[in-house]
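User: I am new to this structure and would like to go through it step by step. Could you reason through each point before you settle on a value or a name?

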Amino acid sequence: GTVRAVGADVQDVKVGDRVAYAAGPIGAYATDRVISADRLVKLPDGIDDQTAAAMMLQGLTAHYLLRRTYPVKAGDTVLVHAAAGGVGLILCQWAKHLGATVIGVVSTEAKAELARAHGAAHVILGHDRLAAEVKRITGGAMVPVVYDSVGKDTFGASLDCLAPLGLMVTYGNSSGPVPPVDLGVLSAKGSLFLTRPTLATYTASRHDLVAGAEDLFAAVQSGAVKIRVNQTFALKDAAAAHTALEARQTTGSTVLIP
């Protein structure tokens, strides 16, 4: 959005600035809102409003996952669930740009094509034989990290895809929350690590928020990451957008237009 007014002590932004934010507090489904200035970042001229709306939450999530939770490096093989979703498409592109080989997990062949077009070197349909497919693809080595936004339905299969000392990143729960975990399972499967991160924690400081946004803007402006806005809805039709999302009818990003 565009800044319409600022408080007396605001230094970081001014009236007329194009700005964006991610994470809370809730209240984005509005034409005007009040928000703390330290949660805003200025938008570069090369990024339009619709792209910015589509990229902030998902892009900053991809940033902390790839650059901080598990710093992906050239030669890594990473597993990405929901690879055709908004975060998934960004993860696939960015991980490939960093030199990693991406294995994407999707639910349909159409989504598989989308994931391949955005950097996934291998795509697996469903998770019924997930570990066996990962073993085949990696020649038995398995992967050092799994990025899992699905939660309950895929948690066990995801653990089975990890190499010893691998990191299980469960950052979403579209199928429901992961039940309580017996920590002994982590040792039995190879001294695994487990984390449940959130964007709010990774961008809690102004420094981390701005640094992450700058990395994201640079990746998008360079062309390494392309933001796919595959659906738009009028703001008054927000309920329909949620229905489509819940029914798994969306890919990439969905934007509400005031």
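User: How many aromatic pairs does a search of the whole structure find, and what are the residues of the pair?

Analyst: This is a predicted model, and the values given here are computed from it. A search of the whole structure finds one aromatic pair. The ring centres lie 4.4 Å apart and the planes meet at 10°, which is under the 30 degrees that the term requires, so the pair counts as stacked. The residues of this pair are Y64 and Y202.

User: How far apart in sequence are Y64 and Y202, and in which helices do they lie?

Analyst: Y64 belongs to helix 1, while Y202 belongs to helix 7, which spans residues 199–202. The pair therefore links distant parts of the chain, and the separation in sequence is 138 residues.

User: Is Y202 buried or exposed, and what is the relative accessibility of Y64?

Analyst: Y202 has a relative accessible area of 18%, and because the limit for buried is under 20%, Y202 counts as buried. Y64 is buried as well, and its relative accessibility is 3%.

User: How many salt bridges does the search find, and how many residues apart in sequence are D12 and R206?

Analyst: A search of the whole structure finds 14 salt bridges. One of them joins the side chains of D12 and R206, with N and O 3.6 Å apart. Because D12 lies in the segment before strand 1 (19–20) and R206 lies in helix 8 (residues 206–221), the pair ties together parts whose separation in sequence is 194 residues.

User: What are the relative accessible areas of D12 and R206?

Analyst: D12 is partly exposed, with a relative accessible area of 39%. R206 is also partly exposed, and its relative accessible area is 27%.

User: Which residue meets R18 in a salt bridge, and where in the chain do the partners lie?

Analyst: The side chain of R18 meets that of D49 in a salt bridge, with 2.8 Å from N to O. This pair links distant parts of the chain, 31 residues apart, since R18 lies in the segment before strand 1 and D49 in helix 1 (residues 49–69). R18 is partly exposed at a relative accessible area of 25%, and D49 is partly exposed at 42%. The partner of R18 is therefore D49.

User: How far apart are the closest N and O atoms of E109 and R116?

Analyst: E109 is partly exposed, with a relative accessible area of 38%, and R116 is partly exposed at 42% relative accessibility. The two residues form a salt bridge, and the distance between the closest N and O atoms is 3.1 Å.

User: Which residues of helix 9 are buried, and what includes their cover?

Analyst: Within helix 9 (residues 238–246), A238, A241 and A244 are buried. They cover an arc of only 120° around the axis, which puts them on the same side of helix 9. On the other side of helix 9, A239, T243 and E246 are exposed. What covers the buried residues of helix 9 includes strand 9 (229–234) and strand 10 (253–257).

User: What is the distance in space between H242 and S222?

Analyst: H242 lies in helix 9 and is partly exposed, with a relative accessible area of 42%. H242 and S222 are 20 residues apart in sequence, and from C-alpha to C-alpha their distance in space is 32 Å.

User: Is Q93 buried or exposed, and which residues does Q93 touch?

Analyst: Q93 has its place in helix 2 (residues 86–97). At 8% relative accessibility, Q93 counts as buried. Leaving aside residues up to four places away in sequence, Q93 touches H118, A224, V225 and K226.

User: What is the accessible area of the nonpolar patch that V181 forms with L183 and L194?

Analyst: V181 lies in the loop between strand 7 (162–170) and helix 6 (184–188). At 31% relative accessibility, V181 counts as partly exposed. Together with L183 and L194, V181 forms a nonpolar patch on the surface, and the accessible area of the three together is about 240 Å².

Definitions and conventions:
Residues numbered from 1 in each chain as written. Predicted model: local features only at pLDDT ≥ 70, side-chain atom pairs only at ≥ 80, totals over all residues. Heavy atoms only, no water. Patch = residues over 30% accessible without salt bridge, like charges linked within 9 Å, V, L, I, M, F, W, Y side chains within 5 Å. Areas by Shrake-Rupley, 256 points an atom, 1.4 Å probe, with all protein chains shown as cover. Salt bridge = Lys/Arg side-chain N within 4 Å of Asp/Glu carboxyl O. Helix = DSSP H or I, 4+ residues; strand = E, 2+ residues; numbered from the N terminus. Buried < 20%, exposed > 50% of the residue type's maximum accessible area, 1.4 Å probe, protein only. Contact = heavy atoms within 4.5 Å. Arc of directions from axis to C-beta. Phe/Tyr/Trp six-rings, centres within 6.5 Å; stacked < 30°, edge-to-face > 60°.
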